[in-house]
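Please look through the sequence and the three-dimensional model shown below. The explanation that follows proceeds from ring pairs to the largest pocket and then to individual residues.

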Amino acid sequence: MMSAVSVEYRESTYAVCEMCEQDLETIIGIEQAAQAHPWTRGHFISSIESSHHCYVLRHEEQIVAYAITSTAADEAELLNITVSPQQQRQGLGRLLLEHISETFNASIHTLFLEVRASNQPAIALYDALYFNEVGLRPNYYPSKNGSREDAIIMAKPLGSTMEL
């Protein structure tokens, strides 16, 4: 199990830790409050029990954000990143994603993600972190009105100067 890594940000100390099943009550609460189509407990348990990299970001012992990635060969995919609604727009998603990118820097060449085409705040964050749009999955996500929404596929090169 990975030990906590302390990260200083805006005069506060945060800890990036490995997610565990004891965290799920809080994580599921955040997921349900933040997502229109939240992951289930089963999704999180499956990720924790698999080879996925599952992180939580804590501030004063409280979970404020989490992220889950999967890896294959020299690529990684961000499967879920969520910040507690009360903590959004404070740079915590960026902080966690930068930490993940730095962690992967030596072994992973590219970090991929999918984002709803309507999620402009997330797209702006990914653009600011040098992710590039590399594809589109039409009608990928369910939407609130029962129709479907496109997923934008984005990628960021890590650990090298290669460009996508």
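In this predicted model, the count of aromatic pairs comes to four. One of the pairs joins Tyr140 and Tyr141: their ring centres lie 5.0 Å apart and their planes stand at 80 degrees, so the pair is classed as edge-to-face, because an angle over 60 degrees places a pair in that class. The two partners may also be described by their accessibility. Tyr140 has a relative accessible area of 37% and is therefore partly exposed, whereas Tyr141, at 17%, counts as buried, because the limit for a buried residue is under 20%. Aromatic residues also appear elsewhere in the chain, where Trp39, Phe44 and Tyr66 form one aromatic cluster.

Attention may now turn to the largest pocket. Its volume is about 1,200 Å³, and its lining consists of 38 residues. Which residues lie nearest the centre of this pocket? They are Gln35, Ile81, Asn119, Ala122 and Tyr126. Both helices and strands contribute to the lining: α1 (24–34), α3 (92–104) and α4 (120–128), together with β5 (75–83), β6 (110–116) and β7 (132–142), each supply at least two residues. The largest share comes from β5, which provides seven residues. Sorted by class, the lining contains 18 nonpolar, 12 polar and eight charged residues.

Strand β5 also holds Thr82, a residue whose surroundings deserve a closer reading. Is Thr82 buried or exposed? Its relative accessible area is 3%, and Thr82 is therefore buried, since this value falls under the 20% limit. The side chain of Thr82 takes part in polar contacts with two partners: one of 2.9 Å with the side chain of Gln35, and one of 3.5 Å with the side chain of Glu31. Gln35 has already been named among the residues nearest the centre of the largest pocket. When neighbours within four places in sequence are left aside, Thr82 is in contact with Ile30, Glu31, Ala34, Gln35, Val64, Ala65 and Tyr66. Tyr66 in this list is also a member of the aromatic cluster with Trp39 and Phe44.

Beyond β5, the chain continues into the loop between β5 and α3, where Gln88 is found. Gln88 is partly exposed, with a relative accessible area of 35%. Not counting residues up to four places away in sequence, Gln88 touches Ala34 and Val83. Ala34 is one of the contacts of Thr82 as well. The C-alpha atoms of Gln88 and Ala65 are separated by 9.2 Å, while the two residues are 23 residues apart along the chain. Gly91 has its place in the loop between β5 and α3 too, and is likewise partly exposed, at a relative accessible area of 22%. Between the C-alpha atoms of Gly91 and Pro121 there are 11 Å in space, for a separation of 30 residues in sequence.

Next comes Thr110, which belongs to strand β6, one of the elements that supply the lining of the largest pocket. With a relative accessibility of 5%, Thr110 counts as buried. Thr110 and Pro38 are 72 residues apart in sequence, and their C-alpha atoms are 26 Å apart.

Strand β3, which spans residues 53–59, contains His59. Leaving aside neighbours within four places in sequence, His59 is in contact with Ser12, Thr13, Tyr14 and Val64. Val64 is also a contact of Thr82. From His59 to Ser143 the C-alpha distance is 32 Å, and the separation in sequence is 84 residues.

Two further residues illustrate a feature of the backbone. What is the sign of phi in Glu60? The angle is positive, at about 50 degrees, although Glu60 is not a glycine. Glu60 is located in the loop between β3 and β4 (62–72). Its relative accessible area of 67% makes Glu60 exposed, because the limit for that class is over 50%. Tyr130 offers a second example, with a positive phi near 70 degrees in a residue other than glycine. Tyr130 lies in the loop between α4 and β7, and its relative accessible area of 66% means that Tyr130 is exposed.

Key. Residues are numbered from 1 along each chain as its sequence is written. Side-chain values use heavy atoms; hydrogens and water are left out. On a 1 Å grid over the protein atoms alone, a cavity is a set of points where a 1.4 Å probe fits but cannot get out, and a pocket is an open set with protein on both sides within 12 Å along at least five of seven lines; lining residues have an atom within 4 Å of a point. Grid points are joined across faces, edges and corners, and a volume is the space filled by probe spheres set on the points. Helices (H or I, at least four residues) and strands (E, at least two) are DSSP runs, numbered from the N terminus. Ala, Val, Leu, Ile, Met, Phe, Trp, Tyr, Cys and Pro count as nonpolar, Asp, Glu, Lys and Arg as charged, and the others, Gly among them, as polar. Buried means under 20% relative accessible area, exposed over 50%, partly exposed in between (1.4 Å probe, protein chains only). A polar contact is a pair of N or O atoms within 3.5 Å; within protein, one must be able to donate a hydrogen and the other to accept it, and residues adjacent in sequence count only if both atoms are side-chain atoms. Contact means heavy atoms within 4.5 Å. Rings of Phe, Tyr and Trp (its six-membered ring) pair if their centres lie within 6.5 Å; planes under 30 degrees apart count as stacked, over 60 as edge-to-face and the rest as tilted.
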